[in-house]
Structures are given as C-alpha cells and as structure tokens.
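Student: I am new to this one. Can you take me through it step by step?

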Amino acid sequence: MEASPLIRISVWPSHGEGTALVSWEVDNALLGGDFYVYRSPDGIGEWLLLNDEPVNGSYLLDTGFRMRDRSRIPHWRLLCEKSGRSHDSAVVGLFETVSRKDCGVANVIRHTELVRMKGNGLRALYYPARTGGLPCPYVDTETGAHYASGCAGTAGDCYGTGLAGGYRAPMVVWLELYGGSMQGGTNDEDGVGQTDRRNQKARILAAFIPQKGDMVVLHATDDRFFVDKSETSKLRGIIPVVSDVDLVLLARNHDAYRLPREETLP
Ligand SMILES: [Zn+2]
C-alpha cells in the first residue's frame, strides 16, 4: 500500500454563522488536482457532495453546515481526481479539532473494550434508521396507521419505519448483552409486533451515537431489536467511545423482519 498523498484535512467550524472551513494539505503529486468535498451528518452515511464543480485550490467553505443535534457529529471527507486516478481521504469529524492525543486516548479505550468484547461479546449488524427521504405512501397521514400489506414487497418498502427504504447500509459492531427483562405478552391484533416485548440492555462499541429507532440484528439468531434509549460515554464530551443502549426485541411478525438479511458478516 502506498501512503495516501492526501496529507491532512482540517475543519474549522463557525457555529454562529453555520459555516465550516474545510482545508487540506496534499503531496506535490496532487497539487492542482480536482477536489470534491463530502459531508455526512454523522460520518456513517448520507454523504453529500458539497461542490459540483471541482475545487483546484486547498479549501472549501461549507456554508450549509448545521449542528442540528449535538449527538450527531458532522464529518467531512475529500476526493481528489488527478491524471485519471481517484484518491479518497480519511473521514474527519469535528472532533478532529480535539488534539491528536485525545484521539489516541479514545482509541486506547476502544481497543481495551474490543479485547474484552472479543471474549464475551457478539458481532452484530447495526442499521441506522433513515432520517429523511420519501415518506411511505401506505401510512395514513391522519391516524399514523401503517398498511403493511400494501407496503410489503414494493420497491420502497419502508419496513414499518414510514420512510422508503427504512434503513441505511448496516455496519458491523461488537456488542455485549448484559441484562434483560421479560414483559408479559401484550397481544395486539394488528400484528405490529408488540407481543413478547422483551427489553435487553447492551453495550455497543461504536464511534457513533446510537439513535432511537435504529435497528440491531444479531447475526447468529436473526433476532432484531430497536434501539430505545442510549447513553454514550464520550471522551471530553465529544468523542463517542462506547454506548449503553436499551434494546427492544421485535416480534417475528414485525415489518422489520422483511428487511433482507446479510448472509455473511464482512
Ligand atoms: Zn411502509
């Protein structure tokens, strides 16, 4: 592997003005290349290209930057095209303005957790819920009721979320289940899946903040859970390291089980 010629990216946010100055340093080999800058609301997905026209210099002022929600830290990355080749940068978050040493400490904590979880944890797929996009046409806008029989199997199947597609691409995470409680079966007739509601606590090792409505799928059993509450330990209050989440097991007839399952973990 050759070293990336993209040397460093820095992000300087101005929360008051809703802007962020994204600047970069590159190897001589990439000077004068075509640069494209992307922003994600959380570094997980939904990468948005900020410039249709390439930048040939070394910075771009992102004027659409908003920190809507303190739990989602925007991230940026850079693509450079030169001489018919593309170079992708690392992903940088706002936390990159924290010192390199702090990032190192976060990595040490993550590594320690990882070693522990490899002993008694599980690998699972984590599906972030979509937060925008086309609304499902099978939701009654007055009552909020979802007509799963209409939605199921359509190209825009929302899997019960109310937004077409339902979830973003999954990530593999390590998690440790550590406590749960059975609640009496509350049979509901419409099959939305509150039967055998089971709450489960889990510790998830992830450099992002779990959100209510995200889905966790245990690979071995295909048990699927919604994230309910979550509490994330953050180094210096900024860098997410590990989260304790309340999970709710979904009944097998829940819409979420229509989401095709990944057969193998990457
Ligand atoms: Zn639907």
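Student: Which helix holds V105?
Tutor: Keep in mind that this is a predicted model. Look at the stretch covering residues 100–120. V105 falls inside it, in helix α1.

Student: Is V105 buried, exposed or partly exposed?
Tutor: Count the other C-beta atoms within 10 Å of its own: there are 15. Buried needs 20 or more, and exposed means 12 or fewer. The count lies in between, so V105 is partly exposed.

Student: How far apart are the C-alpha atoms of V105 and L235?
Tutor: Along the chain, V105 and L235 are 130 residues apart. In space, their C-alpha atoms are separated by 8.3 Å.

Student: How many helices and strands does the chain have?
Tutor: The chain has 266 residues, and 27% of them count as buried. Its secondary structure comes to two helices and 14 strands.

Student: Which residues touch the most other members of the largest nonpolar core?
Tutor: That core has 23 residues. Elements giving two or more residues to this core include α2 (148–151), β10 (171–182) and β14 (239–249). β9 gives the most, with four residues. The residues touching the most other members are A124, V216 and L247.

Student: Leaving aside neighbours within four places in sequence, which residues is L247 in contact with?
Tutor: L247 is one of the core residues just named. Set aside its neighbours within four places in sequence. What remains is Q200, A202, V216, F225, F226, V227 and D228.

Student: How many residues are in the other core?
Tutor: This core lies apart from the largest one. Among its members are W24, L30, F35 and V92. Its total is 14 residues.

Student: Which residues make up the covered face of strand β2?
Tutor: In a regular strand the side chains alternate between the two faces of the sheet. In β2 (residues 19–26), T19, L21, S23 and E25 form the uncovered face. The covered face is A20, V22, W24 and V26.

Student: Which residue in β5 stands opposite V22?
Tutor: β2 and β5 (residues 59–62) run antiparallel. Four bridges join them. Opposite V22 stands L60.

Student: How many bridges join strand β3 to strand β6?
Tutor: β3 covers residues 34–40 and β6 covers residues 75–82. They run antiparallel, and Y38 has R77 as its bridge partner in β6. The bridges between the two strands number seven.

Student: Which residue in β8 stands opposite H75?
Tutor: β6 is also joined to β8 (residues 92–93). Two bridges link these antiparallel strands. Opposite H75 is G93.

Student: Which residue takes a positive phi in the hairpin of β6 and β7?
Tutor: β6 and β7 (residues 85–88) pair in the antiparallel sense over four bridges. K82 stands opposite R85. Two residues lie between the strands. The one with a positive phi, near 50 degrees, is S83.

Student: Which element has the highest mean pLDDT?
Tutor: The mean for the chain is 80, and 80% of its residues reach 70 or more. Among the elements, strand β1 (residues 6–14) has the lowest mean, 71. The highest, 94, belongs to β12.

Student: Over which residues does pLDDT stay under 50?
Tutor: The model has 19 contacts beyond four places in sequence for this stretch. Where pLDDT is low, the predicted coordinates should not be read in detail. The stretch under 50 is residues 182–195.

Definitions and conventions. Residues numbered from 1 in each chain as written. Core = buried A, V, L, I, M, F, W, Y, C linked by C-beta atoms within 7 Å. Contact = placed C-beta atoms within 7 Å. Pairing = 2+ DSSP bridges. pLDDT = per-residue confidence, 0-100.
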